Amino acid sequence: MILLMRKGERMLYPYIELPDETIITHSEILENNSVLINFEQPYDDGFREARIELPSYKWLYNDGFSNGQIKFFVQFAHKNAAVIYKYARLGGIDNA
């Protein structure tokens, strides 16, 4: 399965859904050898969303997640970076 991002942006591939309904997706490997990890969680008024870039672990944006959640996502990104790069190279989990 491939998920669309905003118009004109790259595709995201599903990675995992956490028990709190946070959906984690990732991009393919980009031209500069980076991969984007997107975190999205539904709530009453829409979605919270945040995006981090690997391998720099630079936050590109955070719309609605708490500092504690962002700290968890940083740890998650560090622990899963190698696997996410693998799936990004293969075109997502479904192609692995």
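Begin the tour inside the protein by selecting Tyr15, Ile24, Ile37, Phe39, Leu54 and Phe65: among the 19 residues of the largest nonpolar core, these touch the most other members. Strands β3 and β4 and helix α1 each supply at least two residues of this core. The largest share, nine residues, comes from α1. Please note that the model on the screen is predicted.

**The whole chain**

Now display the entire chain as a cartoon. One helix and five strands should appear. Followed along the sequence, their pattern is β-β-β-β-β-α. Of the 96 residues, 40% count as buried. The accessible surface of the chain comes to about 5,900 Å², and 53% of that surface belongs to carbon and sulfur atoms.

**The sheet**

Select the five strands together. They form an open sheet in the order β1-β2-β3-β4-β5, with antiparallel pairing. Strands β1 (13-17) and β5 stand at the edges with a single partner strand each, so one side of each is left without a neighbour in the sheet. Neighbouring strands are turned by 20° against each other on average, direction ignored.

Begin at one edge with β1 and β2. These two strands pair in the antiparallel sense over four bridges. To see one pair of facing residues, select Glu17 and Ile23: Glu17 stands opposite Ile23, which is in β2.

Next, add helix α1, residues 67-90, to the selection. The helix packs on the sheet and touches β1, β2, β3, β4 and β5. The direction of α1 makes about 130° with that of β3.

**Ile37, a member of the core**

Return to Ile37, one of the core residues selected at the start. Which residues does Ile37 touch, not counting residues up to four places away in sequence? Its contacts are Ile24, Thr25, His26, Ala50, Arg51, Ile52, Leu54, Ala77 and Ile84. Two of these names, Ile24 and Leu54, were also in the opening selection.

**From β3 to β4**

Select residues 35-43, which make up β3, and then residues 46-54, which make up β4. The two strands run antiparallel and are joined by nine bridges. They form a hairpin, with two residues between them. For one bridge of this pair, select Phe39 and find its partner in β4, Ala50.

**Gln41 in β3**

Remain in β3 and select Gln41. Is Gln41 buried or exposed? The residue is buried, because its relative accessible area is 7%, and buried means under 20%.

Show the side chain of Gln41 and look for two polar partners. A polar atom of this side chain lies 3.2 Å from the backbone oxygen of Asp20. The side chain of Gln41 is also joined to the side chain of Thr22 by a polar contact of 3.3 Å. Leaving aside residues up to four places away in sequence, the residues that Gln41 touches include Gly46, Phe47, Arg48, Phe65 and Gln69.

**From β4 to β5**

Move on to residues 58-63, strand β5. Strands β4 and β5 pair in the antiparallel sense over five bridges. Select Arg51 to find it standing opposite Tyr61 in β5. These strands also form a hairpin, here with three residues between them.

Two features of this part of the chain deserve a separate selection. One is the peptide bond between Leu54 and Pro55, which is cis, with omega of about 10°. Pro55 itself is placed in the loop between β4 and β5.

The other is Tyr57, which is found in the loop between β4 and β5. Its phi is near 55°, a positive value in a residue other than glycine. Tyr57 is partly exposed, with a relative accessible area of 24%.

**A last stop at Asn33**

Finally, select Asn33 in the loop between β2 (23-26) and β3. What is the sign of phi at Asn33? The angle is positive, about 70°, although Asn33 is not a glycine. Asn33 has a relative accessible area of 48% and is therefore partly exposed.

How values were computed
Residues numbered from 1 in each chain as written. Predicted model: local features only at pLDDT ≥ 70, side-chain atom pairs only at ≥ 80, totals over all residues. Heavy atoms only, no water. Buried < 20%, exposed > 50% of the residue type's maximum accessible area, 1.4 Å probe, protein only. Polar contact = N/O pair within 3.5 Å; in protein donor to acceptor, adjacent residues only side chain to side chain. Contact = heavy atoms within 4.5 Å. Pairing = 2+ DSSP bridges. Areas by Shrake-Rupley, 256 points an atom, 1.4 Å probe, with all protein chains shown as cover. Axes fitted to C-alpha atoms, helices over the stretch in contact; angles between N-to-C directions. Core = buried A, V, L, I, M, F, W, Y, C linked by side-chain atoms within 4.5 Å.
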